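Hi,

Here's the structure I promised to pass on. Have a look first, and my notes on what turned up are underneath.

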Amino acid sequence: MFHLDGATKRFAGRTALGPITLATPTGKTTVLIGPSGCGKSTLLRLLIGLIEPDAGAVYFDQAPVTSATARAIRLRVGYVLQDGGLFPHLSARGNVALLARHLRWPAAKIESRIGELATLARFPTDALDRYPQHLSGGQRQRVGLMRALMLDPDALLLDEPLGALDPLVRAELQDDLREIFRTLRKTVVLVTHDLGEAAFFADRIVLLKDGAIVQDGAPADLWHRPADPFVTRFVQAQRGPQLPEAA
Amino acid sequence: MSRTSIFAILLIGGCSERPVEKPTVVIGAKKFTESYLLAEMGASLCRQAGANAESKDLGSTPTLWLALTQGDIDAYPEYTGTITRQILKDNPTDLDAALAAHGVRMSKPFGFRNNYALGMRKDVAASRNISKISDLRNHADLRCGFIPEFRDRPDGWPGLKRVYGLPQENVREMNHTLAYAAVVDKSLDLTEIYTTDGEIVQHDLLVLRDDLDFFPAYQAIWLYRADLERRLPSAVAQLRRMEGRIGEPDMQAMNTDVQFRDETVNGVSAAFLASKGIDAVPTVDPSLAERVGSTTSEHLQLVIPSLLAAMLVAIPLGILASNRMRLGQTVLATTGVLQTIPSLALLLFLMPLTKWLFGSGIGAPTAIAALFLYSLLPIVRNTYTGLTGIAPALRESAEALGLTRWAILWRVELPLAAPTILAGVKTAAVINIGTATLGGFIGAGGYGRPILRGIDKSDIPMMLEGAIPAALMAVLAEAAFGAVERWIGRRRG
């Protein structure tokens with residue numbers, strides 16, 4: 001669905017990403033993972049034209065992503081940021097409905113779509129009229145997801161969607177999100193720095209380091225067929241809880 | 001009917017008891033009691049000629065001369081010395097011809113002279129053995145306070161200093177009335193005075209003899225537009241009934257009555273005309289409630305249009321500035337510079353412009369134009385700050401959603417910046433309400449009129465008549481905007 005062809009992005013003369021060539025399979029979940037500054041968020045922003053590549057090209061559904069086509073493409077792609085990226089001046093309902101209202105959907109259609117999404121995202125209907133400050137972190141994330149899904153997009157991009165949540169809420173949302181991805185069969189590109197989370201969601205994992213792809217494959221490959229010593233170090237750095245030995 | 005009166009009627013709105021078919025005559029007045037009195041006499045005489053007449057407070061000589069020559073006023077009382085020294089800056093043999101070149105005519109003198117002179121406390125003068133201006137040469141330590149006009153004009157202090165060889169360097173710029181007060185309480189030694197000032201008698205001051213005849217004769221006369229003679233000859237004839245009828249003691253007594261006996265300009269001028277057997281239709285003194293009502297309405301008619309116009313221009317300017325950094329700096333710097341222009345200078349600069357745009361260089365349009373310019377800065381700056389202060393993540397979130405540039409501005413950025421923009425409008429409103437007192441300089445009325453007239457005669461109650469409602473209006477505006485802010489805040493939880 002998304003396709004990068006030798007895409008390169010430089011910031012202040014320094015190459016931040018690329019050249020990268022990568023295609024994301026339709027209907028599958030691709031997870032971009034890597035240490036801070038590896039370029040995973042930059043890659044995500046290239047996909048919907050928030051930034052343009054300095055060299056190479058980006059395609060969505062075979063069409064090039066340029067400043068001229070970016071808006072049309074964004075309407076077909078949902079985008080979820082850490083903490084939801086919600087607008088504080090709008091209620092949960094206002095945030096979800098913003099784009100549909102701008103596109104002049106009939107009010108009844110908007111309402112029924114919000115109802116569907118609230119059920120899907122397990123968001124309490126009575127909280128729809130609250131403003132973001134009065135929602136919990138998990139609830140804000142659910143609203144962000146509803147907003148991204150409002151127009152029933154072909155693809156969903158998520159940038160560290162669960163980064164700001166405490167472990168219990170995070171686990172619950174991970175379950176719900178994976179359920180939603182599987183139900184909707186969307187093309188999903190998710191950015192995270194947590195290997196456990198990546199393995200939980202991914203049909204395919206892309207590990208990035210210093211703006212380049214180090215390994216690209218099934219989650220199990222990272223453990224069993226590491227491409228280079230960095231992959232092994234990265235996998236081992238994600239440690240699980242170490243129980244103190246029983247006295 | 002002139003464009004001025006059409007505008008006035010539009011502004012006043014429904015207040016239509018004035019028959020529109022009457023010709024209109026506007027008399028200008030400078031901002032001191034004597035000028036108010038003479039202008040009021042002129043207005044009541046023009047009414048006697050069947051005209052709709054009013055007098056307008058217009059501040060200083062340059063403003064009045066500009067208003068007269070561009071046709072905003074028909075006549076105003078002036079002094080011959082001021083015409084040659086300050087207006088024409090020339091002493092032509094044929095003064096009438098020189099004025100005619102500007103489309104202006106001059107009446108014969110009213111009879112009194114109001115010369116510039118220097119005055120001091122009698123006891124201070126006696127202790128230093130001073131009785132005439134040349135005696136000042138030996139007292140370099142004297143503290144002087146002059147009005148800006150006198151301090152800077154060649155026929156004022158600079159000329160006097162040169163001709164007499166005066167050594168004083170301690171010269172402060174002060175309001176005329178305040179300078180008198182300072183001389184009386186001995187914080188100043190010397191000030192300029194006018195020979196008809198009521199204060200001379202009131203404070204028993206010494207007028208120093210001009211032993212080198214430096215000061216020219218300041219004969220009081222009418223300056224009027226040549227076209228008034230054609231348009232309404234009877235009005236000119238009425239105005240000229242003042243020629244030769246007002247002596248120096250008369251004028252001094254009238255000034256004293258207004259400044260120190262708590263009598264009104266309208267009352268004193270009516271009584272004087274009656275005492276001389278000159279029939280006229282004096283302006284009726286309105287009651288306190290009527291006065292406050294009309295100054296409030298005038299004040300609002302300055303504040304509201306100027307604030308609305310400033311919002312319409314400043315918010316888009318702020319948006320533009322926030323999008324283009326270099327342009328933004330220019331816009332902010334320009335509106336900042338506007339803020340530093342003194343109000344009198346700005347008014348004088350705007351008069352030809354508003355004359356051209358609205359057909360009148362005095363009154364509400366000019367005051368509104370000045371207030372509009374003064375209101376820009378706080379609104380532009382806060383719009384700019386509000387928009388540039390939005391978290392980049394939110395802006396990106398809006399962009400990623402697929403909203404157009406305009407939709408992002410309208411649905412996300414402006415609502416997010418709204419509290420800051422509103423705070424800017426509130427600041428502008430409060431400043432505007434205070435600054436709108438400049439209407440008193442330019443015949444636009446409002447609270448500035450009683451404040452300026454009150455300052456002129458050190459009449460605290462009269463000043464308060466303008467100052468208290470102005471303060472109340474500012475407090476109310478602050479509270480109203482505060483309520484809107486809280487309402488917005490509550491909506492956002």
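Before the helix packing, one bit of vocabulary: the axes here are lines fitted to C-alpha atoms, for helices over the stretch in contact, and the angles run from 0 to 180 degrees between N-to-C directions. Also keep in mind that this is a predicted model.

With that in hand, take a look at chain B, where helix H15 (residues 288-323) packs against helix H16 (residues 325-340) with an angle of about 140 degrees and axes 6 Å apart. Angles over 145 would count as roughly antiparallel, so H15(B) is oblique to H16(B). The crossing of H15(B) past H16(B) is left-handed. On the H15(B) side you'll find B:Leu317, B:Leu320, B:Ala321 and B:Ser322, which meet B:Leu327, B:Gly328, B:Val331 and B:Leu332 of H16(B). That contact is made of 6 nonpolar and 2 polar residues, with no charged ones.

Next, the two chains: 17 residues of chain B are in contact with 17 of chain A. On the chain B side, helices H19 (392-401) and H20 (405-435) each supply at least two residues, and H19(B) has the largest share, with 7. Sorted by class, that side of chain B has 9 nonpolar, 4 polar and 4 charged residues.

Finally, the core. The largest nonpolar core has 196 residues, and A:Met146, A:Leu157, B:Ile27 and B:Ala367 touch the most other members. Helix H18 of chain B (residues 364-388) gives the most to this core, 15 residues. Leaving out residues up to four places away in sequence, A:Met146 touches A:Val96, A:Leu117, A:Ala118, A:Ala121 and A:Phe123.

Cheers

Definitions and conventions:
Residues are numbered from 1 along each chain as its sequence is written. Chains are lettered from A and ligands numbered from 1 in the order in which they are written. This is a predicted model: local features need pLDDT of at least 70, side-chain atom pairs count only at pLDDT 80 or more; totals for chains, interfaces and linings use all residues. Helices (H or I, at least four residues) and strands (E, at least two) are DSSP runs, numbered from the N terminus. Angles under 35 degrees count as roughly parallel, over 145 as roughly antiparallel, 65 to 115 as roughly perpendicular and the rest as oblique. A crossing is left-handed if the near helix is turned anticlockwise from the far one by less than a right angle, and right-handed if clockwise. Two residues are in contact if their C-beta atoms, placed from the backbone, lie within 7 Å. Ala, Val, Leu, Ile, Met, Phe, Trp, Tyr, Cys and Pro count as nonpolar, Asp, Glu, Lys and Arg as charged, and the others, Gly among them, as polar. A nonpolar core is a set of buried Ala, Val, Leu, Ile, Met, Phe, Trp, Tyr and Cys residues joined through C-beta atoms within 7 Å. A residue is buried if 20 or more other C-beta atoms lie within 10 Å of its own, exposed if 12 or fewer, and partly exposed in between; C-beta atoms are placed from the backbone.
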